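Biologist: I would like to go through the strands of this model and how they are arranged. Please show it first.

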Amino acid sequence: MCTVVFYPTKDKLFFASIRDESPIRVKANAPEYFTNNTIHYLSPFDPVGGGTWVGVNENKSVIILLNGGFTKHVRKETYKISRGLIVKELLSEEMPVLKWSIMDLKDVEPFTLIVWSDQNLFQLVWDGINKHRILVSSNKPHIWSSSTLYSDEVKEIRKTLFNEWIKNIDEVTEEELWKFFNSFKDPQQGFIMNREEKVKSLSVTFIESTKEKAELNYHELSTNKVFKTTMNGFKNDDNLSCPVRF
């Protein structure tokens with residue numbers, strides 16, 4: 001929930017989510033299939049907050065959480081609900097962006113959602129006071145970094161590395177994304193990070209979405225286990241555009 005990548009090709013959409021968290025936090029459950037409001041979705045599960053930070057549903061909506069809004073905030077002692085519960089709720093909605101726009105987020109900790117829905121890519125930001133709905137270009141790649149862990153300067157360094165990587169890659173694959181994530185070896189600011197065992201990268205989730213299905217591969221870094229799951233039976237083929245290769 002601290003680094004997110006989006007990469008479109010002619011017939012696929014690639015998403016990646018790196019979760020940076022305290023290693024003493026109870027380990028998240030591997031991805032499972034859930035049903036809520038008659039909508040099926042696939043996601044890992046956080047037993048602490050009861051929600052999730054990444055998932056895909058049968059409408060082809062992909063939702064990924066980043067902690068924090070545009071800037072680093074001062075945390076309160078308590079909040080109304082876990083941000084992961086918001087992701088869980090939106091995954092079970094036909095129109096997640098509309099649902100987010102009418103949600104009461106008062107006393108919810110600031111967060112950012114990267115949402116693919118209805119052939120559009122959105123950056124939905126709650127800064128603790130106001131909501132910001134940003135329509136993002138879906139025909140080119142993007143990288144986002146959490147404001148709670150990475151300064152504006154470090155965010156720009158990461159973007160520069162990402163843009164350089166794009167120039168030198170012929171075809172994006174999960175393997176190539178892994179190589180990229182391991183190319184910036186800095187325990188403090190790198191993509192796979194470890195800040196003295198207080199905050200570290202715990203998992204990497206890859207989603208590869210086509211017109212027919214979405215494959216979600218969950219890499220648990222502490223055990224080196226990989227959990228491969230698939231969301232089949234999409235309701236329709238209209239929620240996955242095929243952007244022209246940039």
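Modeller: This is a predicted model. Its open sheet has seven strands with antiparallel pairing, in the order 3-4-5-6-7-8-9.

Biologist: Which are the edge strands of the sheet?

Modeller: An edge strand here is one that pairs on one side only. Neighbouring strands of the sheet are turned by 20° against each other on average, direction ignored. The strands that pair on one side only are strand 3 and strand 9 (131–136).

Biologist: How many bridges join strand 7 to strand 8?

Modeller: In the sheet order, strand 7 stands between strand 6 and strand 8. With strand 6 (residues 62–67), strand 7 pairs in the antiparallel sense over six bridges, and L65 has L113 as its bridge partner. Strand 8 (residues 120–126) also runs antiparallel to strand 7, and V115 has F122 as its partner there. The number of bridges between strand 7 and strand 8 is seven.

Biologist: How many of the residues of strand 7 are buried?

Modeller: Buried stands for under 20% relative accessible area. On one side of strand 7, F111, L113, V115 and S117 are buried, and on the other side T112, I114 and W116 are too. Both faces are thus covered. For strand 7 (residues 111–117), the count of buried residues is seven of seven.

Biologist: Is D118 buried or exposed?

Modeller: Strand 7 and strand 8 form a hairpin with two residues between them, and D118 is in the turn. D118 is not a glycine, yet its phi is positive, at about 55°. The cut-off for exposed is over 50% relative accessible area. The relative accessibility of D118 is 56%, so D118 counts as exposed.

Biologist: What is the relative accessible area of T38?

Modeller: T38 lies in the loop between strand 3 (29–36) and strand 4 (39–45). Its phi is near 70°, a positive value in a residue other than glycine. T38 is exposed, and its relative accessible area is 63%.

Biologist: Which residue stands opposite V56 in strand 6?

Modeller: Strand 5 (residues 54–57) and strand 6 run antiparallel and are joined by three bridges. Opposite V56, the residue in strand 6 is V62.

Biologist: At about what angle does helix 1 run to strand 6?

Modeller: Helix 1 (residues 83–91) lies across strand 4, strand 5, strand 6 and strand 7. The angle is taken between N-to-C directions, from 0 to 180 degrees. For helix 1 and strand 6 the angle is about 170°.

Notes
Residues are numbered from 1 along each chain as its sequence is written. This is a predicted model: local features need pLDDT of at least 70, side-chain atom pairs count only at pLDDT 80 or more; totals for chains, interfaces and linings use all residues. Side-chain values use heavy atoms; hydrogens and water are left out. Buried means under 20% relative accessible area, exposed over 50%, partly exposed in between (1.4 Å probe, protein chains only). Helices (H or I, at least four residues) and strands (E, at least two) are DSSP runs, numbered from the N terminus. Two strands pair if DSSP finds at least two bridges between them. Contact means heavy atoms within 4.5 Å.
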